There are 2 protein chains.
Amino acid sequence: MPSRPDADDPRLGDLSEGRLLRAILSRTAPATHTILGPGDDAAVIAAPSGSVVATTDTLVHGPDFRLAWTSGYDLGWKAAAVNLADIAAMGAQPTALLVALAIPRDLRLSFVERLADGLRDACAALAPGCAVVGGDLATSDVLTVAVTALGDLEGRQAVTRSGARPGDAVAVAGELGLAAHGLAILFDSFRDGGSPVPVDPARLAPGESGALSAQLRPVPPIGLGRIAAIAGATSMMDVSDGLALDAGRLAAASDVTIALRRAALGDEPNRALRGGEDHALLATFPDGVLPPGFRIIGEVREREVDALLCDEEPIEIRGWDPYRDWDSISG
Amino acid sequence: MPSRPDADDPRLGDLSEGRLLRAILSRTAPATHTILGPGDDAAVIAAPSGSVVATTDTLVHGPDFRLAWTSGYDLGWKAAAVNLADIAAMGAQPTALLVALAIPRDLRLSFVERLADGLRDACAALAPGCAVVGGDLATSDVLTVAVTALGDLEGRQAVTRSGARPGDAVAVAGELGLAAHGLAILFDSFRDGGSPVPVDPARLAPGESGALSAQLRPVPPIGLGRIAAIAGATSMMDVSDGLALDAGRLAAASDVTIALRRAALGDEPNRALRGGEDHALLATFPDGVLPPGFRIIGEVREREVDALLCDEEPIEIRGWDPYRDWDSISG
């Protein structure tokens, strides 16, 4: 259902790169930290505290999203959100995004305009002051969005994965398992002969729309990363591949054992342990410290035989692995 | 011709993301400016002068390279070089690269290892102290390398495209048209029924190997960007889409006319005007200033009717446009 006549909505193969760039850049917001914005060979971003935090994460059509389920706006929003979460997980303030788009030539201009809107709105909602400062356009048969996010530590040390200490509380901010629930709904209810079909809201059970939204337009607690760092988080990371896998990584990096309490993992603890893509913040805090938005889910102990326990039982450290878990045939 | 038995060289679809990451990271070099390197949610890079220069550029299999012509090493080298050139064009010192790889599952591990070697060696050769500090791995049917480069201005202002002033000399450092010559050799001599076939060095005429090398493993004058800035360049940019198009962009951004001299454009002035991908540095300098490595090719004038002249004749402002010039069928 195109939102405007095709004559007003050319395919990208019929546009020059300059025309497409202008269409995208006219939709970006001014960024607080930008010294020189888009349009030159590179952008210049303020790094007042003398260092810059940088991360990159890519969404590829097929393994990471399906156009039948994901609008241009959703794709832009999610590409921003997942990268902002990695900056937040260091305790930093996001300052800028760079966006490399590889786009099929038969895609419509309106899709890319909405993608730019999603990027802009996610920044405005999740990390005010951060905006797209640069990018690159390429053609590809596979729609690919590679975003790089930059951030500023405001003079603090980065909060890494390796600082958890025995006696710390293990806490989380944000959802656990909700995005995976949304993905399960898509795979279970919105496929026809294995192929994705558009979501029909009338076919959603009560409560399912929240899960779908968490999958398609995640709202990670970006601002709480900085708050956790100021409060004294000893370690922190973004839960992108499921709590079990990511808590296992944090335990390994810190050389400790993390003991989780199942009752603290919500109504669907297995989904909370295995489901990825929520981009919650997992952090450890000294005894007695718990900043707003975080809830305690366990404790840090001296390293035992097993790096990860739940109700004192060892937990297999696994989650989503794009190389093992994705099959372009069975999709 | 695989360099080792297939049993020792698994396909990427048979590896975990962790295994592949370790294989890549074991091949990165330490970076002078890195405060926190790969392995956490994000990297932390020094930005001692309080700002960071950032750019991103993507190479997509098909429009940007062909595996029959391009080794993993070449691809890594070129992905680094084209991004380093954009940092240099701002007058900055490259400090770090982030690399987002989207890789088909049937590609061999050795290809990605050699790609990492090419990234490392290009940094070491072109921008010592700069190295890969982070990245992302995704699967895709289309091999895609999106690199983000960061740089430091060392307290100087960025040299933009908009500062050229009437009376300035127009100068260039690096090759003009050589990479396009290399591409023409590939298309003319190393295809079979339209499909790329590997280069046979025995079939190259004298002088052609240099052109091929310029196309596959470009050596832009990265260090001269900083030198030009210190010398007082009034404007600068990277010539990636051909001199005519890029000089036209600089003239438009500066609201001036650029008058080139054909005799200064080498033995193949048309190729120099239209050929892209050399990543030479185009800069303007005040009268009497010409830093090492630059040669004068014209002058800046008050804006006339035409923004770009060559021997006083108007030149059409066009060059390589990935949206118009690439056709995945005719290739």
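**Interface**

I began with the contact between the two chains and noted that about 5000 Å² is buried between chain A and chain B, with carbon and sulfur atoms giving 56% of that area; buried area here is the accessible area (1.4 Å probe) that two parts lose on being put together, summed over both. I kept in mind that this is a predicted model, in which local features need pLDDT of at least 70, side-chain atom pairs count only at pLDDT 80 or more, and totals for chains, interfaces and linings use all residues. For my notes, residues are numbered from 1 along each chain as its sequence is written, chains are lettered from A in the order in which they are written, and side-chain values use heavy atoms, with hydrogens and water left out.

I then looked up who takes part: 63 residues from chain A and 63 residues from chain B are in contact (heavy atoms within 4.5 Å). Because 100% of the interface residues of chain A are also interface residues in chain B, the copies meet through the same surface.

For salt bridges (a side-chain nitrogen of Lys or Arg within 4 Å of a carboxyl oxygen of Asp or Glu), I found four across the interface of chain A and chain B. One of them joins the side chains of Arg161(A) and Asp41(B), at 3.4 Å from N to O. On the side of chain A that touches chain B, strand S3 (residues 51-60) of chain A, a DSSP run of E with at least two residues, supplies the largest share, nine residues.

**Symmetry**

I asked how chain A is superposed on chain B, and the answer is a rotation of 180° with 0.0 Å of shift along its axis (RMSD 0.0 Å), fitted by least squares on the C-alpha atoms of residues with pLDDT of at least 70 in both. That is the relation of a two-fold axis. In chain A, the C-alpha nearest the axis belongs to Gly50(A), 2.5 Å from it.

**Cysteines and a histidine**

I searched for disulfides (a pair of cysteine sulfur atoms within 2.5 Å) and counted zero over all chains. Cys123(A) is in no disulfide, and the nearest cysteine sulfur, that of Cys130(A), is 4.1 Å away. Cys123(A) is buried (under 20% relative accessible area, 1.4 Å probe, protein chains only), because its relative accessibility is 2%. Cys310(A) is buried too, at 3%.

Lastly I turned to His33(B), which I found in the loop between helix H1 (17-25) and strand S1 (34-36) of chain B. His33(B) counts as buried, with a relative accessible area of 19%. Leaving out residues up to four places away in sequence, His33(B) touches residues including Val44(B), Pro94(B) and Gly129(B).

Notes: Buried means under 20% relative accessible area, exposed over 50%, partly exposed in between (1.4 Å probe, protein chains only). Helices (H or I, at least four residues) and strands (E, at least two) are DSSP runs, numbered from the N terminus.
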